[in-house]
Amino acid sequence: MGEASLVVGAGVIGSRVAGMLAERGDRVTVISRHGSGPAGVTCVAADAADAGAVARLAEGASAIYNCVNPPYHRWPADWPPIAASVLAAAERSGAVLVTLSNLYGYGPRVPGGYNAAHPMTEATPLAATGRKGRVRARVWQDALAAHQAGRVRVAEVRAADFVGPGAQSALGERIVRHVRQGKNVSVLGRADLPHTWSFTDDVARMLVTAGTDPRAWGRAWHVPSNEPRSQRQVIDDFARAAGASQVRVSEIPSVVLRGMGLAWPLMRELRETEYQFRDDFVMDSSAAQASFGLKPAPWEEIVAVTAGAR
């Protein structure tokens with residue numbers, strides 16, 4: 001029998017992490033609000049912000065994987081208590097804490113964005129000015145401070161925008177569904193700029209690696225990801241793989257996004273991170289690839305499994 005692991009969050013990534021751990025022979029418990037999760041693991045309904053509940057469920061765990069994703073517009077309110085709860089559970093149990101994060105904490109780079117000559121690396125300063133970026137940076141800074149004080153062992157895994165079956169992102173399930181049907185699609189920002197994408201399986205694999213390899217602890221890691229591709233290129237790839245006619249790609253003007261945000265909280269929140277699609281947005285993941293021998297899944301396979309998923 002393998003180690004005991006606790007996964008907090010049963011979304012696309014949390015469920016995939018739980019499945020990978022179960023395949024290794026671990027005894028896996030998944031916490032979610034509704035007690036959902038993949039087959040072959042123990043699923044518990046609990047609030048991740050309930051420090052007592054999380055601490056009890058973490059007893060005996062060798063690693064805790066924080067894969068929570070609160071409602072987008074509630075990040076500033078929901079993330080601090082969730083992060084504090086999970087960090088306290090790791091300290092109390094002695095488990096390694098691995099947190100799934102993204103690239104928001106870096107904030108925009110001007111002028112020109114993060115291009116191939118100056119991509120985001122794990123050493124890029126956490127200089128976000130928006131609410132969501134600042135809260136994600138603070139979650140890591142608090143965890144790292146606890147690690148440096150010797151109270152806990154932590155790592156953070158930072159992913160670019162997700163691609164993959166069921167992914168909820170700029171080119172996630174909604175866009176893929178339209179592409180399969182040959183419908184025209186609209187994208188944020190500019191359609192032809194280079195952008196890094198992280199495959200959901202590669203994200204989960206990096207999380208599992210960070211929780212089980214001591215070399216990963218005490219720092220952040222970027223998910224091994226393929227070379228950047230523009231939104232238009234990815235959509236064209238999806239269309240070809242799905243056997244659909246080439247779809248027309250249009251860009252949502254900033255003024256329209258602002259107008260939509262007046263009535264739609266999600267659109268209002270997207271204004272903060274629109275810079276990711278208005279400029280080059282390139283992430284370097286060579287550190288994780290070199291340190292752990294991990295490679296991203298071949299792009300053709302990612303496209304095939306994403307476009308063909310039903």
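# Exercises on a predicted model

Tyr72, Trp75 and Tyr104 form one aromatic cluster. The model is predicted.

## Exercise 1: the aromatic cluster

Classify the ring pairs that Tyr72 forms with Trp75 and with Tyr104, and state whether the residues are buried or exposed.

Solution.

Step 1. Begin with the total: the structure holds seven aromatic pairs. In the pair of Tyr72 and Trp75, the ring centres are 5.3 Å apart and the planes meet at 70°. Planes over 60 degrees apart count as edge-to-face, and this pair is edge-to-face.

Step 2. For Tyr72 and Tyr104 the centre distance is 6.4 Å and the angle between the planes is 75°, so this pair is edge-to-face. It links distant parts of the chain, with the two positions 32 residues apart in numbering. Tyr72 is in the loop between strand S4 (63-66) and helix H3 (75-93), while Tyr104 is in the loop between strand S5 (96-101) and strand S6 (113-114).

Step 3. Buried means under 20% relative accessible area. Tyr72 has a relative accessible area of 17% and is therefore buried. Tyr104, with 11%, is buried. Trp75 is buried as well.

## Exercise 2: charges over rings

Which rings lie beneath Arg153 and Arg219?

Solution.

Step 1. Arg153 lies over the face of Trp217, 4.9 Å from the ring centre.

Step 2. Arg219 places its charged end over the ring of Trp221, at 3.7 Å from the centre of that ring.

## Exercise 3: strand pairing

Starting from strand S4, trace the pairing through S5 and S7 to S11, and describe how S5 and S7 are covered.

Solution.

Step 1. S4 and S5 pair in the parallel sense over four bridges. Within S5, the residue opposite Ala63 is Val96.

Step 2. S5 also pairs with S7, in the parallel sense and over five bridges. Here Leu100 has Val157 of S7 as its bridge partner.

Step 3. S7 and S11 run parallel and are joined by three bridges. Glu156 has Ala220 in S11 as its bridge partner.

Step 4. Turn to burial. In S5, six of its six residues are buried. Val96, Val98 and Leu100 point one way, Leu97, Thr99 and Ser101 the other way, and all are buried.

Step 5. Strand S7 (residues 154-158) has five of its five residues buried. Val154, Glu156 and Arg158 are on one side and Ala155 and Val157 on the other, so both faces are covered, as the burial of all these residues shows.

## Exercise 4: Leu6 and the nonpolar cores

Describe the strand pairing and contacts of Leu6, then place Leu6 in a nonpolar core.

Solution.

Step 1. Strand S1 (residues 4-8) pairs with S2 in the parallel sense over five bridges. The bridge partner of Leu6 in S2 is Thr29. Strand S2 (residues 27-32) is mostly covered, with five of its six residues buried.

Step 2. Leaving out residues up to four places away in sequence, Leu6 touches Thr29, Ile31, Val54, Leu57, Ala58, Ala61, Ala63, Ile64 and Tyr65.

Step 3. The largest nonpolar core has 57 residues, and Leu6 is one of those with the most contacts inside it, along with Ile64, Trp79, Val179 and Ile235. H3 gives the largest share of this core, eight residues.

Step 4. Another core, of 30 residues, lies apart from it; among its members are Leu100, Met206, Val208 and Trp221. In soluble globular proteins, nonpolar side chains tend to be buried together.

## Exercise 5: Val223 and Thr209

Are Val223 and Thr209 buried or exposed, and what does each touch?

Solution.

Step 1. Val223 is in the loop between strand S11 (220-222) and helix H7 (231-242). Its relative accessibility is 0%, so Val223 counts as buried.

Step 2. Beyond residues up to four places away in sequence, the contacts of Val223 are Val157, Arg158, Ala159, Ser198, Asp202, Val203, Met206, Met283 and Ser285.

Step 3. Thr209 is in helix H6 (residues 200-212). With 14% relative accessibility, Thr209 counts as buried.

Step 4. A polar atom of the Thr209 side chain lies 2.9 Å from the backbone oxygen of Arg205. Not counting residues up to four places away in sequence, Thr209 touches Phe292 and Leu294.

Methods: Residues numbered from 1 in each chain as written. Predicted model: local features only at pLDDT ≥ 70, side-chain atom pairs only at ≥ 80, totals over all residues. Heavy atoms only, no water. Buried < 20%, exposed > 50% of the residue type's maximum accessible area, 1.4 Å probe, protein only. Contact = heavy atoms within 4.5 Å. Phe/Tyr/Trp six-rings, centres within 6.5 Å; stacked < 30°, edge-to-face > 60°. Lys NZ or Arg CZ within 6 Å of the ring centre and 35° of its normal. Core = buried A, V, L, I, M, F, W, Y, C linked by side-chain atoms within 4.5 Å. Polar contact = N/O pair within 3.5 Å; in protein donor to acceptor, adjacent residues only side chain to side chain. Pairing = 2+ DSSP bridges.
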